Amino acid sequence: MRPSLSSSLPARRKTKSVAWGKGIARALCFLLAFIGLVPVVVAALVRSEYVRSIISRETAKLVKGEGIVARYEVGVSLLPLAVELKNVRVESTDGQGPFLEARRALAKPRLFALMAGKLDIDQIEVESPRARVVIKD
């Protein structure tokens, strides 16, 4: 009878191999997926009614603080970043009709100023403006 090979060889201990490459690849995939998800979430958030109501409330405070009576519909444009006002109507101080009517107005803030918590309007575009200007004295 022959001796079995398993009984004559010493028992080997199994060592766990660490798959560093696999772990790094997974971490990078999660990081890139998160980075790719950020613009989608921001775009959905900007178009939400909640953000639109906040912007509407803040613009109404700014306009009222300047003593201007105006009506408009608020929207947000992501590319380029801008606050969009539709159907703008600014009332005049003499009560003879509107001072300004415009189909659309865009106010484009500076991005880095916004990131610093400051509002700095870089550019204002007005489409189809109709103004009635009366100057006295």
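## How open is a residue?

A residue counts as buried when its relative accessible area is under 20%, as exposed when that area is over 50%, and as partly exposed in between. Try that out on Glu-91: its relative accessibility is 27%, so this residue is partly exposed. Keep the scale in mind, since it comes back throughout this tour. One more thing before we go on: what you're looking at is a predicted model.

## Opposite charges pairing up

Side chains of opposite charge can pair when their charged atoms come close. How many salt bridges does the structure hold? There are eleven.

Let's start with a pair inside one helix. Glu-58 and Lys-61 form a salt bridge, with 3.6 Å from N to O. Both residues belong to helix α3, which covers residues 49-65, and they sit three residues apart, or about one turn of the helix. Their surroundings aren't quite alike: Glu-58 is partly exposed at 38% relative accessible area, while Lys-61, at 53%, counts as exposed.

Now for a pair that links distant parts of the chain. Asp-122 and Arg-110 join their side chains in a salt bridge of 3.4 Å, N to O. Asp-122 is in strand β4 (residues 121-127), whereas Arg-110 is in the loop between β3 (98-109) and α4 (111-115), and the two are twelve residues apart. Asp-122 has a relative accessibility of 45%, so it falls in the partly exposed range. Arg-110 is partly exposed too, with 43%.

## A little network

Glu-91 is back again, this time with a partner. Its salt bridge to Arg-89 brings the closest N and O atoms to 2.7 Å from each other. Arg-89 has a relative accessibility of 24%, so this residue also counts as partly exposed.

Which residues are linked in a network of salt bridges? Arg-89, Glu-91, Glu-101 and Arg-130 are.

## The nonpolar core

Time to look inside. The largest nonpolar core has five residues: Val-46, Val-51, Ile-55, Val-74 and Val-76. Helix α3 and strand β1 (70-77) each bring at least two residues to this core.

What does Ile-55 touch, if you skip residues up to four places away in sequence? Its contacts are Val-74, Val-76 and Val-83.

## The largest pocket

Rolling a probe the size of a water molecule over the atoms shows where empty space is left. Here, the largest pocket holds about 1,200 Å³ of space. It is lined by 33 residues, and those closest to its centre are Thr-59, Leu-62, Val-83, Ala-107 and Ile-121.

Plenty of elements chip in: α2 (20-46), α3, β1, β2 (82-91), β3 and β4 each supply at least two lining residues. Helix α3 gives the most, with eight. Sorted by class, the lining has 29 nonpolar residues, one polar and three charged.

Let's zoom in on Thr-59, one of the residues closest to the centre of this pocket. Is Thr-59 buried or exposed? With a relative accessible area of 16%, Thr-59 is under the 20% limit, so it counts as buried. This threonine lies in helix α3. Leaving out residues up to four places away in sequence, Thr-59 touches Tyr-72 and Val-74.

## The second largest pocket

The second largest pocket has about 260 Å³ of space. Of its 13 lining residues, Glu-91, Ser-92, Thr-93, Asp-94 and Phe-99 are closest to the centre. So Glu-91 turns up here as well as in the salt-bridge network, still partly exposed at 27%. By class, this lining splits into six nonpolar, three polar and four charged residues.

## Two unusual backbone angles

Most residues other than glycine have a negative phi, and most peptide bonds are trans. Now check Asn-87, which isn't a glycine and yet has a positive phi, near 50°. You'll find Asn-87 in strand β2, and with a relative accessibility of 46% it counts as partly exposed.

Ser-128 is another non-glycine residue with a positive phi, about 50°. Where is Ser-128 found? Look in the loop between β4 and β5 (130-131). At 40% relative accessibility, Ser-128 counts as partly exposed.

Methods:
Residues numbered from 1 in each chain as written. Predicted model: local features only at pLDDT ≥ 70, side-chain atom pairs only at ≥ 80, totals over all residues. Heavy atoms only, no water. Salt bridge = Lys/Arg side-chain N within 4 Å of Asp/Glu carboxyl O. Helix = DSSP H or I, 4+ residues; strand = E, 2+ residues; numbered from the N terminus. Buried < 20%, exposed > 50% of the residue type's maximum accessible area, 1.4 Å probe, protein only. Core = buried A, V, L, I, M, F, W, Y, C linked by side-chain atoms within 4.5 Å. Contact = heavy atoms within 4.5 Å. 1 Å grid on protein atoms, 1.4 Å probe; cavity = no way out; pocket = protein on both sides within 12 Å on 5 of 7 lines; lining within 4 Å. Points joined across faces, edges and corners; volume = space filled by probe spheres on them. Nonpolar A, V, L, I, M, F, W, Y, C, P; charged D, E, K, R; others polar.
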